[in-house]
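Here are a few exercises to work through with the model open beside you. Try each task yourself before you read on to the solution.

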Amino acid sequence: MYAETQIISSSENNPQLKEGQLVINVGPQHPATHGVLHLVITLEGETIVKIEPHLGYIHRSIEKMSESLSYRQFIYVTSRMDYLSAHINNLGCALCVEKGMQIEVPARAQAIRIIMSELTRIASHELWIGAMAMDLGAMTPFFYTFRERETINDIMEQTCGARLTMNYMVPGGVMYDLHPEFVTRVRAFITQFKDKVTELEDLVTNNIIFRNRTEGIGILSKEDAISFGCTGPVARASGVDGDIRKRFPYTGYEQLDFEQCLHQAGDSFARYIVRIREMYQSIRIIEQLIDQIPEGDFQAKTKAVIKLPKGEFYTRVETARGELGVYIISEGGTTPYRIKYRSPGFSNLSALDHMARGSKIGDLMATMGTLDLVIPDIDR
Amino acid sequence: MFSFQQWAAQIHSFLLEKTGTYTLLIECIIIGILAISLFAILGLVLVLMERKVAAHIQIRMGPNRVGPAGMLQTVADTLKLLMKEGLVPRLADKFLFNLAPFLVMMVAMMLLAPIAFARGVQIWDINIGVLYITAVSSVSVIGVMMAGWSSNNKFAMLGAMRSGAQIVSYELSAGFSILCIVVLSGSLQISDIIASQESGWWLFRGHIPVLIAFVIYIIAVTAETNRAPFDLAEAESELTAGFHTEYSGMRFALFFLAEYINIFIVCALGATLFLGGWMPLHIAHWDGFNHLMDWIPSSVWFMGKTFFLIFLIMWFRWTFPRLRVDQLLNLEWKYLLPIGLLNLLLVTWIAIKGWHF
């Protein structure tokens, strides 16, 4: 049976706490954490003194699992890491294997890969806006963003056969050719997106309560963003120009005309604006490609059993959350000797304590919401 | 024309003839039963309305399976809550924990007394009606604090503390707005206030100051009833469910119902003070139009106005994000309260000079 103790851990029964401090557990089951993240928060009244993230509730040892899977199989597991950018995770792994095998990917496959990646990015950002608005107490934007995300999911389903874990990128190209209706549906989506995104901007961006809740909240300076290893929209909102698509272009991003969205403020609103502008940029990229997808093979000819030469291979891609690094050590066999993923969520989470200290518990939700954490990505 | 007043008179004379001296007792019992059933029906209707309004705003269907167009959904929900086990946390203060939902509900029920539902339909036309409502509604905060404190849960306690700070501060603004109308009509009695609006509702007759008072009143009562964007006491993403985190089953349902009844009461009071209660819309010198308006039953007028205000408050909830706790208090103490005070002075000046229409 339980010991008859006072459950409220306050300064009276916890010698580590100062007078008037109290500890609350946000998570592992809590509506704000969108998953099984566990934050142990020390409060003084409503002011945050310290945040300790506890990880590991959804650790599936994907890296260890991959060591016993072949170079074709291990890619599929990565869809379960950051499930909102499943395509981009798969792409990162496929690129790493291609680097080892020195496969030349056909131009059609490259274009398909970019379109799929950017659609994924839009879908991920759409979901994020809805979820973050819900953290801040506005329920309605969630349904508006899901309407657009649903369209993307339908497009994905038509071509890939799945809506969440697509497993579409394979070493050497993509798994199937595009669905005949793909191009028309993507064009229809672009029209729909441009039409409906203004609704969202009216509802969220220009809302005075939303502005007050996010502007100047959870500030992350450029130096801190670099030293915590933040990447993606979180870093770009602090002025770090680290978009992998620009700095280390892969799979043909260097031929495209798009901007890296930077913001100098580093607060929650900057992170929001960066993501909104990124969606526009993604649309711009898709528009450049959708009318001129090259004809040809969608997959390079590869051997049935892939064997990577002995050595170490590293590639990086820009997922919706930031930089995903894939590091493979090969001993020359059919399975990798060791795989390491550098996931964006983990580094971004590490900055949370620094950003939220001294703010109110309500601000924590604005800060954590704009970090765009996907817990399976942090724990793997 | 259909009128509650005639029915009441008929029932009264019938009872007087049949039972004689016990008439008052029997009438009290009938009123009690009516109040309880009104409480239950209002709860069910408002919950359904909220879900339908939310669904409409959020481009979805809302409940549509149980009963015609989902009308019995709330009944099904209530049945489910009735059958759920009412858990009490092991280290909770059991007496206060059990008392809190009843206190909150009792306050909500007591507030129904001075509300005039139609011409001549009022349970208790007390001569300090408005004061009674403001006074009794403050008691509900004690129930909320009791619930939060006795649950022995940190989220519940934080929620209750927020709720206490919020209700106590926003009551002031609501009070000043109510005072504006009291000054204009010169009475605290609900029936007098309604009678004073026979030639036109105060909202239209009192120039801009009354409009300001109305806006402040709507903001303040949204906060007082713990509704979004002021639902900090039960901020889902921050404090899970706030002060009623530990409540389940029927105890939770009582909190839930009380919240909706409170919304009804503040909107009914708003309709009474600013929109003329059951008084039809009259425009001076438009006799034909006024006759047409008179033909609509007074209960329909009252319910129409009240439900319009309720819709407004629901609309707020499904549009705005939540404020932060310090922003909430800033809004009250730095903006609404000074504006409300100044506004009261202006209204008093208007009332003294007789400048209103």
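**Exercise 1: the strands of chain A**

In which sense do β2(A) and strand β3 (residues 47-54) of chain A pair, and over how many bridges? Then trace the other partner of β2(A).

*Solution.* Keep in mind that this is a predicted model.

Step 1. Start with the pair in the task: β2(A) and β3(A) run antiparallel, with 7 bridges between them. For a register check, find Val40(A), which sits opposite Glu52(A) in β3(A).

Step 2. Look at the turn. This hairpin leaves 2 residues between its strands, and Gly45(A) has a positive phi there, near 70°.

Step 3. Now go to the other pairing. β2(A), residues 38-44, is joined to β1(A) by 6 bridges, again antiparallel. Here Leu22(A) has Leu43(A) in β2(A) as its bridge partner.

**Exercise 2: positive phi without glycine**

Take Ser61(A) and Gln102(A), neither of them a glycine. Where does each lie, and is each buried or exposed?

*Solution.* Step 1. Ser61(A) has a positive phi of about 50°. Its place is the loop between β3 and α1 (62-66) of chain A.

Step 2. Count the neighbours. Ser61(A) has 10 other C-beta atoms within 10 Å, and the cut-off for exposed is 12 or fewer, so Ser61(A) is exposed.

Step 3. Do the same for Gln102(A), where phi is positive at about 60°. This one is in the loop between α3 (86-101) and α4 of chain A. With 7 other C-beta atoms within 10 Å, Gln102(A) is exposed.

**Exercise 3: a serine at the end of a count**

Find Ser227(A): which helix holds it, and how does it score for burial?

*Solution.* Step 1. The helix is α8 of chain A, residues 222-227.

Step 2. Ser227(A) has 12 C-beta neighbours inside 10 Å, so it counts as exposed.

Step 3. Check the distance to Ser347(A). The two serines are 120 residues apart along the chain, yet 9.8 Å separates their C-alpha atoms.

**Exercise 4: where the chains meet**

How many residues does each chain bring to the contact, and which elements of chain A take part?

*Solution.* Step 1. Chain A supplies 28 residues and chain B supplies 26 residues.

Step 2. On the chain A side, the elements giving two or more residues are β1 (21-26), α4 (107-135), α5 (140-160), α7 (208-214) and α14 (361-371).

Step 3. Sort that side by residue type: 16 are nonpolar, 6 polar and 6 charged.

**Exercise 5: chain B and its helix α6**

Does "compact globule" or "extended" suit chain B, and what surrounds its helix α6 (residues 140-150)?

*Solution.* Step 1. Chain B has 15 helices and 2 strands. For its 357 residues, a compact globule would have a radius of gyration near 21 Å, and chain B agrees because its value is 21 Å. The C-alpha atoms fill a box of roughly 65 × 55 × 45 Å along the principal axes.

Step 2. Buried residues account for 43% of the chain. Of the contacts in chain B between residues at least 6 apart in sequence, 78% link residues at least 24 apart.

Step 3. Zoom in on α6(B): 8 of its 11 residues are buried, so the rest of the structure largely encloses this helix. Among them are Val141(B), Val144(B) and Met146(B).

Step 4. Name the surroundings. The buried residues of α6(B) pack against α4 (94-110), α5 (129-137) and α7 (154-185) of chain B. After the helix comes Asn152(B), with a positive phi near 55°.

Methods: Residues are numbered from 1 along each chain as its sequence is written. Chains are lettered from A and ligands numbered from 1 in the order in which they are written. This is a predicted model: local features need pLDDT of at least 70, side-chain atom pairs count only at pLDDT 80 or more; totals for chains, interfaces and linings use all residues. Two residues are in contact if their C-beta atoms, placed from the backbone, lie within 7 Å. Helices (H or I, at least four residues) and strands (E, at least two) are DSSP runs, numbered from the N terminus. Ala, Val, Leu, Ile, Met, Phe, Trp, Tyr, Cys and Pro count as nonpolar, Asp, Glu, Lys and Arg as charged, and the others, Gly among them, as polar. The radius of gyration is taken over C-alpha atoms; the globule rule is 2.2 Å times the number of residues to the power 0.38. A residue is buried if 20 or more other C-beta atoms lie within 10 Å of its own, exposed if 12 or fewer, and partly exposed in between; C-beta atoms are placed from the backbone. Two strands pair if DSSP finds at least two bridges between them.
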